[in-house]
Structure formats: C-alpha cells, structure tokens
Number of protein chains: 2
Amino acid sequence: MELLFVIKIGGNIVDDENKLSSFLQSFAQLNGRKILIHGGGKVATKIGDKLGMESKYVDGRRITDAETIDVVTMVYGGLVNKKIVAQLQANGCNAVGVTGADANLIPATKRPVQEIDYGFVGDVESSQLTVGSWQILLDNNLIPVIAPLTHDGKGQILNTNADTMAQEVAKVLSTVYEVQLIYSFEKAGVLLDINDESTLIKQLNWEYYQQLKNPDSPSGVGSKIFAGMIPKLDNAFAALNSGVKKVIIGKAENLLELINGTSGTSIVNE
Amino acid sequence: MELLFVIKIGGNIVDDENKLSSFLQSFAQLNGRKILIHGGGKVATKIGDKLGMESKYVDGRRITDAETIDVVTMVYGGLVNKKIVAQLQANGCNAVGVTGADANLIPATKRPVQEIDYGFVGDVESSQLTVGSWQILLDNNLIPVIAPLTHDGKGQILNTNADTMAQEVAKVLSTVYEVQLIYSFEKAGVLLDINDESTLIKQLNWEYYQQLKNPDSPSGVGSKIFAGMIPKLDNAFAALNSGVKKVIIGKAENLLELINGTSGTSIVNE
C-alpha cells in the first residue's frame, strides 16, 4: 500500500501569516501522497462582525444560521482555502482547494435538531464516504486542500468540524492507502500541563489516556489533560481502531519532525 | 475526438437565484464532458459596501486593490462557486468548484502597470496553459466549475475576466477535444437592437461582424451593435481561429436549445 499523509492544520495557525507560511513550505516539501485539511480560524468571526452580524451561541456552542453559513462558505471555502492553494502552488505543490461538497468528497447530513438547533452544521455521513474521487486526485499527484465545509446532497453547504473530517477521511482512505493522520496546531502535542511544553507526552496509549481522563486516577494526572484535547484524542483512537496506521499530534511548525518521529505525541493502539 | 462543452455563465444570471437554478438543472442534464466558468455577479460589490470598502474606478475600469482581491476571492471563489457546486451535486452532476490557481489550471500574470494600475488583475498566460490537469478531471467524469480567479504562480490570487478565461481554456482544450464554447447570459444572443430580441442574429460570420462594427458600413447597422458585446465577439472569433469548433452566444435559460441550435447566435468562421 502507498503511504498517505492526512494532515489537519488548526485554526490558530491559519490566523498567523508567518506560522502558516512556514508550515506550507514544509508541507510542500513532504514527498508522496498527502491531503491538507484546514480549520477556519477567527477571520470568519471578524468579517461577520464587520458585516454587522451577531455571533449566536447556545450553551457555549456556536450556532450556524443562514447568514453565518454564507460567511463561513466565503471565508473558509474562498479566502482561506485559496490563499493556502496559491502559496502551495508557489512552493511547487500542485494543490487543489476544495470542500466536502466538491466531487462529493465528504457527504454529510445537517445535524438533527434535538435539544439545540445548531443550524447549518454537518455531520459526516461515514457510510456514504467513498474513496473514488479521492483516488482520482491523489493518484494523479493532485494535492487536495480541504476547507471545513461539507454538503447535504440537496444543495446545502454545511459547516463541519475539521478534526472530524480529517478522521473520517483518514479512516476511509486507510482501506486503500497506509494512512498517517497528523493533527498539527500551535501546541507541541499532548501536554500534561497545558502551560508547560516540557510536560509533552511522547507516546500515548489507550490505557494511559483513560488514566489521564479520569480525575480520580491513581496516577494523579487526571485533571490536567485539557478539555479541548479530548475530542481530538477520541478521534485519534477511533481512527486507529478503524485502520489508520499512525496518529501524531504536534506543532504545525515542526511538521517534518512530527512525521519523522522527533517531535509531537504519537497515539498508539497497544 | 470527444466532445467538450466549455460554458460561460454571466454575472447577471449568477445574481438571479431562479434563473441560476434553472440554468444549473439544464447544465446537469447535458451529457458528456463539460466545464462551467462563472462570472462574479454583483454580490462582491454588495459585500464590499457592507464591509465599508469604496469601489475604486479609473477611466470607468474597476481597480482591484488588496482589500478588493480578498473580497472577490471570498465571494467568487467561496460563496458563489460553492453554492453552484452544491446545487449541481443535488442535480446529480459531479461538480468540482475551483479557481485557476487550483491544480494550476489557469496560470496568469498580474497585469503590468502602464497608464492605469489595475491592481490584482490577472491576464491569462496562454503559453503556460496546459491540458494535463484538465484532462485528469474531465476524463474521470469530474465537472470543473471555475470561478473568475487565477494566480501568478508566486502566491498571489488575481481577479480575471471570465469571458477571457473561457476562451483561453476552450482554445487549449481544442487540441485534445472537439470544443463547443458557449457564452450564456441574460440576452437571447447578438442583437441588432439591444432592446429588441426579435433582432437576434442567428448566424454571424467575420465579414458581417466587420460590417456591424463599422459605423459607416453600407448595411447601416454599424452603430447598433452594443459595445459590451464587442470583446465577447472578438474572443469568439479568436477562439474559432484557434481550433474551437463552434461558438454560441445566447440566453442561459435556453442552454439546451443553444446547444441543439434552436436558440442563440452561432458565430461561424466562413
């Protein structure tokens, strides 16, 4: 099986011109098949504010109403995505910037309204996610650059979590490629103390993860793992359980070191 | 040679939800290889206004400054392009929405500053335009939907005329496909009197076109051809002279009739 890197880059990096540019140079240098999935960053909120829109939250969760989906479609699918593509092209990387709607790469459904109506938010339809269009791009040396948007197949674009998209894409493509999934962001990896990079966990297995999550764990570290990391780690273990070969979490600026194993946290199954 | 339709849709149609939707249904029904190149429409100006930007003109020509290129990248490359893609997907058409930067589909250079500095406006680099990435998409039944943006290969997105993009793409692809180039917009075709659709010219050859352009022509129609049509017609004849098989100009709502020859103006070489 050919090696494939599925690389998620977080929103904070997308917002930082210098860090993004340095990351994209490394990404361009990486040999072989690769996919970049980018977060949205804060620019959509800034532009929404300038347009006089109010951000709406319910229980601390952002609601994607009709105005907001237009803004994120513009900003994530247009501004952010095309700036990344133009920079990658300048670095000799044959990037194609798309969303999950394009070539039906990532089918989704609008999240059902239960206690909260999240609005135009999409949950990936794993069962309808196929390798066909991905293979056409990847096997022809085109590098997909994916904005955090999907569609419902009925004409509606949906705002979608980039971490989840990365995990779902990595899972389905692990049936045809040897997939390494890399979550890159502003932190050095999974840290015992979020404010201290020297507390980096170099290798994290399921058992240790359960201890970290448990506030009553005898290791006494339970309370220290930061909440924002938990969905990412749940995604990581789910990916490993579904055929993804390796999951690495670490600093975007160290992309090549993350891949050669000298930086970041490796999530392992055993 | 396989048949390929290169279809440009004008900005006025893009701005009209009902007309656009009806056009996209027809486009989806069209069998075989096809490319859609869309204009920008007025929504970029509206959003620019809301963002407090001033439109800048020199000699009646819009200037694309740094703020403007960001807005058109968002609106053309994101909002407009992805709405079209999502609708085409809903109509069973496997659309991939991209710009000329993606897969380096349309290389361009920033227009040199002479009397006027147009800002971030791109002129297509015909000599660097190749069929490679186009063929990967088209021969795998992916339908390119192109926003009127290109790039300079050095990391900069450029605002680019969609008519010219359509002509340049049609020309280069006529080396590998039998290309029909269709300019579709709100009018019935080339009209002798812009306000009277009954004055449609069904067939226009070079000689007749020269008469129409000439105000002193003995046919007496010289002054009637409307100025906005001239660049489109110059493009059309240039395309025919470079290997494009057929050029048709007409109403977007009649797409299928334009193709079967029962509507619009056919531009012919003889």
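A turn of 180° with a shift of 0.0 Å along the axis lays chain B on chain A with an RMSD of 0.0 Å, the copies being superposed by least squares on the C-alpha atoms of residues with pLDDT of at least 70 in both. That is the relation of a two-fold axis. B:Gly78 is the residue of chain B that comes closest to this rotation axis, its C-alpha lying at 1.8 Å.

A word on the source: this is a predicted model, in which local features need pLDDT of at least 70 and side-chain atom pairs count only at pLDDT 80 or more, while totals for chains, interfaces and linings use all residues. Residues are numbered from 1 along each chain as its sequence is written, and chains are lettered from A in the order in which they are written.

Now to the interface. Here 36 residues of chain B are in contact with 36 residues of chain A, contact meaning C-beta atoms, placed from the backbone, within 7 Å. The same surface serves both copies, as 100% of the contact residues of chain B recur in chain A. The side of chain B that touches chain A divides as follows:

| Class (definition) | Residues of chain B |
|---|---|
| Nonpolar (Ala, Val, Leu, Ile, Met, Phe, Trp, Tyr, Cys, Pro) | 16 residues |
| Polar (the others, Gly among them) | 15 residues |
| Charged (Asp, Glu, Lys, Arg) | five residues |

Finally, a look at one residue inside chain B. B:Val6 touches B:Ile35, B:Ala166, B:Val169, B:Ala170, B:Leu173, B:Val179 and B:Leu181, leaving aside residues up to four places away in sequence.

Key: Contact = placed C-beta atoms within 7 Å.
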